[in-house]
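Subject: A structure for you to look at

Hi there,

Here is the structure I promised to send you. Have a look around it first, and then read on with the viewer open.

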Amino acid sequence: MARVKLAAATDVPPGEGRVVDVAGRTLAVFNVEGAFFATDNACPHRGGPLGEGDIEGRVVACPWHGWRWDVTTGASVNNPAVTVACFPVAVEGDDLLVELELTRNPDGVPWVEHTPGARAWPGNPSPRRG
Ligand code: FES
């Protein structure tokens, strides 16, 4: 896991969401009354962009077919057994940071395999296990 910058906190006003590309993934980040939450941007129904959906309280409605998701838990409002992936968000200064399992470095460069089970970014002399 690694902490990477997701956005500036001011980029996501209260009651809104944004789509953010980070480290080779596309996430949705939401501001619920000053608290920030991140989910996978792809709606589990058919891949609609959750970060572009309308938010009411802590629930976002997918803009494609209206399925509703609790952004604080990732659970479907209609069927909590169905979930979208959630990612912890931390606020450091003006930045929103997210915890991700990286398959690419924060600049989007793929990991380089050095030895079985060890990964490193190009130019990083210390491979990370993962
Ligand atoms: S793609 Fe989200 S409700 Fe259909």
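Below are my notes on what turned up.

One thing to keep in mind is that this is a predicted model.

Let's start with the whole chain. How many helices and strands does the protein chain have? It has zero helices and 13 strands, so if you walk along from the N terminus, you meet one β element after another. Of the 130 residues in the protein chain, 28% are buried. If you take the contacts with a separation of 6 or more, 39% of them link residues 24 or more positions apart.

Now for how the strands go together. As general background, strands of a sheet pair through backbone hydrogen bonds, and they can do this in a parallel or an antiparallel way.

The first place to look is an open sheet of four strands, in the order β2-β3-β4-β8, where the pairing is antiparallel. Its edge strands are β2 (17-22) and β8, each of which pairs on one side only.

Inside that sheet, find strand β3 (residues 25-32) and strand β4 (residues 35-40), which run antiparallel and are joined by six bridges. Which residue in β4 is the bridge partner of phenylalanine 30? Another phenylalanine, at position 37. Along the same pair of strands, alanine 28 faces threonine 39 in β4. These two strands form a hairpin with two residues between them, and glutamate 33 there has a positive phi near 50 degrees.

Threonine 39 is worth a second look. Besides alanine 28, threonine 39 also has cysteine 86 of β8 opposite it. That fits with β4 pairing with strand β8 (residues 86-87), again in the antiparallel sense, over two bridges.

Then turn to strand β10 (residues 95-100). Strand β1 (residues 2-8) pairs with β10 in the antiparallel sense over six bridges, and you can see alanine 2 standing opposite leucine 100. Strand β9 (residues 89-92) also runs antiparallel to β10, with four bridges joining them. Here valine 89 is opposite valine 98.

What sits between β9 and β10? A turn of two residues that makes the pair a hairpin, including glycine 93, whose phi is positive at about 65 degrees. You could set glycine 93 beside glutamate 33 in the hairpin of β3 and β4 when you go through the model.

Happy exploring, and write back with any questions!

Terms used:
Residues numbered from 1 in each chain as written. Predicted model: local features only at pLDDT ≥ 70, side-chain atom pairs only at ≥ 80, totals over all residues. Buried ≥ 20, exposed ≤ 12 C-beta atoms within 10 Å, placed from the backbone. Contact = placed C-beta atoms within 7 Å. Pairing = 2+ DSSP bridges.
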